[in-house]
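Welcome to this guided tour. Please open the model in your viewer, switch on a cartoon, and keep the selection tool at hand.

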Amino acid sequence: MNLEILSINENQELQNIVIDKIRELINYKNLEPNDKLPSERMLSDKFEVSRGVVRDAIQKLEFYGLLKSIPQSGTFVANVGAIAMNGIVDDILELKRPDFKSLVETRILLELKTVKLASLRRTGEDLKRMKRALNAYSKKVLNNEKAVQEDLLFHLAIAKASKNSTLNTFMLSITPEIITNFAKYHVCDEDLAMSGIDEHTAIYEAIKNQDPTQAKEKMKIHFKTLYQYCYNK
């Protein structure tokens with residue numbers, strides 16, 4: 001078994017144990033919104049795990065809005081009722097590590113939205129960022145080099161231009177996993193990289209012209225192979 005995968009799975013299990021114990025602590029002590037949790041060091045000692053695991057568990061609970069950390073002050077219970085909190089924690093503990101196909105599908109759904117918003121909200125600086133990524137991608141492809149990272153940097157530039165911090169955060173969270181596994185799952189034929197230059201350029205021009213309908217259509221064309229991978233179409 002891959003030791004890296006084993007390590008990730010073990011860490012996930014420890015995180016879930018700590019999340020459940022934090023939930024039990026909140027319930028046992030009847031902590032209410034804005035009540036402070038013990039420090040990471042104290043929780044680490046109490047749960048007999050590393051501070052890193054405690055920190056990851058707290059960050060996950062923050063992501064789902066159950067805790068809030070204030071620099072120099074500590075971690076506090078968010079303004080969520082006990083019933084809602086327990087229900088959300090149950091859902092968190094049942095979450096499975098996303099498979100690659102679901103990540104690609106999520107990317108498609110997100111980007112069809114971000115590209116429309118980007119075409120409406122982009123600034124001159126956003127266009128420069130996209131152009132730099134597009135040029136870097138084109139240069140590598142023309143030199144017969146792998147350009148997966150440059151490809152995704154172009155798409156991240158679009159997400160940033162959407163001016164929607166939530167969509168941008170989602171894109172940033174799934175991108176490393178996609179970069180790591182893109183070649184592994186043979187999603188796209190290397191021969192398609194050349195056509196990617198024209199497709200990226202068409203998307204860029206639509207965003208530059210602030211045409212959301214055209215931008216979405218050009219992104220759909222660009223995602224044709226990804227659609228086939230996800231839906232066998």
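Which helices each supply at least two residues of the lining of the largest cavity? They are α1 (3-28) and α4 (82-94), so select those two for now; helices here are DSSP runs of H or I with at least four residues, strands are E runs with at least two, and both are numbered from the N terminus.

**Before going further**

This is a predicted model, in which local features need pLDDT of at least 70, side-chain atom pairs count only at pLDDT 80 or more, and totals for chains, interfaces and linings use all residues. Residues are numbered from 1 along each chain as its sequence is written, and side-chain values use heavy atoms, with hydrogens and water left out.

**The whole chain**

Zoom out and color by secondary structure. You should find 11 helices and two strands, in the order α-α-α-β-β-α-α-α-α-α-α-α-α. Of the 233 residues, 38% are buried, meaning under 20% relative accessible area, while exposed is over 50% and partly exposed is in between (1.4 Å probe, protein chains only). Now show contacts, which are heavy atoms within 4.5 Å: among those with a separation of 6 or more, 72% join residues 24 or more positions apart. Switch to a surface view, and the chain exposes about 13700 Å², with carbon and sulfur atoms supplying 51% of that area (Shrake-Rupley method, 1.4 Å probe; for residues, only the protein chains shown count as cover).

**Stop one: the cavity**

Go back to α1 and α4. The whole structure has one cavity of 30 Å³ or more, and the largest cavity has a volume of about 40 Å³. A cavity is a set of points on a 1 Å grid over the protein atoms alone where a 1.4 Å probe fits but cannot get out, and lining residues have an atom within 4 Å of a point. Grid points are joined across faces, edges and corners, and the volume is the space filled by probe spheres set on the points.

Select Ile-19, Ile-22, Arg-23, Ile-26, Leu-61, Leu-66, Leu-67, Met-85 and Val-89 to see the lining. Helix α1 gives the most, with four residues. By class, eight of the lining residues are nonpolar, none is polar and one is charged (nonpolar: Ala, Val, Leu, Ile, Met, Phe, Trp, Tyr, Cys and Pro; charged: Asp, Glu, Lys and Arg; polar: the others, Gly among them).

**Stop two: the salt bridges**

There are eight salt bridges in the whole structure, each a side-chain nitrogen of Lys or Arg within 4 Å of a carboxyl oxygen of Asp or Glu.

- Keep Arg-23 selected and add Asp-20: their side chains meet in a salt bridge of 2.9 Å, N to O. The two are three residues apart in α1, so about one helical turn separates them. Arg-23 is buried at 11% relative accessible area, whereas Asp-20 is partly exposed at 23%.
- Move to α5 (residues 100-121) and pick Glu-111 and Arg-107, which are four residues apart and separated by about one helical turn. Their salt bridge is 2.6 Å, N to O. Both ends are buried, Glu-111 at 0% and Arg-107 at 3%.
- Finish with Asp-126 and Lys-163, whose closest N and O atoms are 2.3 Å apart in a salt bridge. Asp-126 lies in α6 (residues 124-142) and Lys-163 in the loop between α7 (148-161) and α8 (165-181), so the pair ties together parts that are 37 residues apart in sequence. Asp-126 is buried at 3%, and Lys-163 is partly exposed at 44%.

For a last selection, show Asp-20, Arg-23 and Asp-90 together: salt bridges that share partners join them into one network.

Conventions. 1 Å grid on protein atoms, 1.4 Å probe; cavity = no way out; pocket = protein on both sides within 12 Å on 5 of 7 lines; lining within 4 Å.
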